[in-house]
Amino acid sequence: MAVVSHKLKGRAWQLRQTSLTRYATLVPELEAITGEKIPYNCHGLVLLATTAEQMDQWRALAKARQAQGWELNIWEPKVLQEYCPQVNIEGLGGAMYSPSDRQIDPVALTQALVKAAEKNGVKGRFDLKITDLKQLAQENLAADWIILATALGTKELTTTISQREGYANGSPVEIRPVLGQAIELELPQILGNPEFQPVITGDDVHIVPITSILPSANRDSNCEANYHYWVGATVEFADEQGHLQAQEELLSTVKQRAIAFCPELALGSMVKTWSGLRPRPEAQAAPIIQKLPGQEKIILATGHYRNGVLLAPATAIVVRDLLGDL
Ligand SMILES: Cc1cc2nc3c(=O)[nH]c(=O)nc-3n(C[C@H](O)[C@H](O)[C@H](O)COP(=O)(O)OP(=O)(O)OC[C@H]3O[C@@H](n4cnc5c(N)ncnc54)[C@H](O)[C@@H]3O)c2cc1C
């Protein structure tokens, strides 16, 4: 969610814009290096408006984005119904369509990045938990620079670094988990127009077509078409004691909200549920991309909260700039 974001300027918008632009070249680059397709939905994003005020805000946003060179279309309910007949327009003020926002399979993307990096000479070690930087030397991993892309592991690691190495403000980087659950549904038929399968979002609930159902130009020709959709996700915080456990009833509420604006989802059978933890920085804005205070050679690239996939390319560019001339 870059173009549809309400951020119009400053770091939050710059990172989003940089990422979106870089994705357009990154995906084909990775596919060429690895020889494998990355499921990447280029049908855009449809946001449903529940109120007239929301439509007014989006009209203003569309105008501002147009001045920045990005397209956003405002759809009255009738237009929404034409493009997305699967949406129940009752009670909706209309929609905003962003043709430039994207959805990518994050697992396939990560695997492609690892494979491409290996082809460029990177040796991955996936079996190590680093608790202390001294461990790096013991493992023959002496480094000129250290980049901590450690999400929820950042606090523990920066605590040891601060105790062992000491750094300017001395406090560890606090990042807390925010749980998200999603559900994969299999439907007896495709939702709406088979040639137009955008992500549809209403009330922070997302219906995400799983890419094998996309028209053949957007999918791997070896993939058999099936009608699977992700519906998600919950946003669950820890309680005051720090306990965080997936709550079944919250996932069920998300599903019910999705069915309210897309009734055909009620016909779906559950394939699986999934949950993950979003790393949210405490007392500072997400994401944290900077040198660890007092440490010239340790870079933090962490705490992306709800936008880690979107902001990955921009994060890499900022980190590369921080490294300077190698
Ligand atoms: C439900 C849900 C919905 C999401 N939706 C979106 C979305 O719509 N758009 C979007 O852009 N992003 C989305 N995300 C992604 C999210 O924004 C996060 O940013 C992302 O999951 C975090 O990725 P990461 O690589 O920073 O952290 P992680 O995936 O947690 O990776 C950190 C890695 O560091 C390793 N590590 C930590 N400490 C150590 C240590 N001491 N030694 C060795 N290894 C260590 C861990 O093992 C892990 O492999 C979603 C995530 C969830 C859970």
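Q: Where does Ala 233 lie?
A: This is a predicted model, in which local features need pLDDT (the predictor's confidence in each residue, from 0 to 100) of at least 70, side-chain atom pairs count only at pLDDT 80 or more, and totals for chains, interfaces and linings use all residues. Residues are numbered from 1 along each chain as its sequence is written. Helices (H or I, at least four residues) and strands (E, at least two) are DSSP runs, numbered from the N terminus. With those labels, Ala 233 is found in the loop between strand S10 (228-232) and helix H7 (248-261).

Q: Why does Ala 233 count as buried?
A: A residue is buried if 20 or more other C-beta atoms lie within 10 Å of its own, exposed if 12 or fewer, and partly exposed in between, with C-beta atoms placed from the backbone. Ala 233 counts as buried because the number of its C-beta neighbours inside 10 Å is 23.

Q: Which residues does Ala 233 touch, beyond those up to four places away in sequence?
A: Two residues are in contact if their C-beta atoms, placed from the backbone, lie within 7 Å. One partner of Ala 233 is Val 254, which is 21 residues apart from Ala 233 in sequence but 6.9 Å apart in space, C-alpha to C-alpha. The full list of residues touched by Ala 233 is Gly 180, Gln 181, Ala 182 and Val 254.

Q: What kind of peptide bond joins Gly 232 and Ala 233?
A: Most peptide bonds are trans. For the bond between Gly 232 and Ala 233, omega is about -5 degrees, and the bond is cis.

Q: Which residues are joined by the cis peptide bond with omega of about -10 degrees?
A: Look in the loop between S11 and strand S12 (288-291), where Pro 287 is found. The cis bond with this omega joins Ala 286 and Pro 287.

Q: What is the phi of Asp 203?
A: Most residues other than glycine have a negative phi. Asp 203 sits in the loop between strand S8 (199-202) and strand S9 (205-209), and it is partly exposed, with 14 other C-beta atoms within 10 Å. Although Asp 203 is not a glycine, its phi is positive, at about 60 degrees.

Q: What is the phi of Tyr 305?
A: Tyr 305 belongs to the loop between strand S13 (298-302) and helix H8 (312-323). Having 17 other C-beta atoms within 10 Å, Tyr 305 is partly exposed. Its phi is positive in a residue other than glycine, near 45 degrees.

Q: Which residues is Ile 207 in contact with, leaving aside neighbours within four places in sequence?
A: Ile 207 is in strand S9, and its 25 C-beta neighbours inside 10 Å make it count as buried. Its contacts are Val 199, Ile 200, Tyr 229, Val 231, Ala 258 and Cys 262.

Q: How many residues are in the largest nonpolar core?
A: In soluble globular proteins, nonpolar side chains tend to be buried together. A nonpolar core is a set of buried Ala, Val, Leu, Ile, Met, Phe, Trp, Tyr and Cys residues joined through C-beta atoms within 7 Å. In the largest one, Leu 48 and Ala 95 have the most contacts inside the core, and its number of residues is 42.

Q: Which strand gives this core its largest share?
A: The share in question is 5 residues. It comes from a strand covering residues 45-49, namely S2.

Q: How far apart are the C-alpha centres of domain 1 and domain 2?
A: Domain bounds come from an automatic or database domain assignment, which gives domain 1 (45-99) and domain 2 (125-174 + 283-323). The distance between their C-alpha centres is 39 Å.

Q: Which strand gives the most to the shell around the ligand?
A: A residue is near a molecule if its C-beta atom, placed from the backbone, lies within 6 Å of it, and 23 residues surround the ligand, with Ala 151, Gly 153, Gly 180, Gly 276 and Gly 308 the closest. Strand S7 (175-186) and strand S11 (269-281) each supply at least two residues of the shell. The one giving the most, with 4 residues, is S11.

Q: What is the mean pLDDT of the protein chain?
A: A pLDDT of 70 or more is reached by 93% of the residues. The mean pLDDT of the chain is 92.
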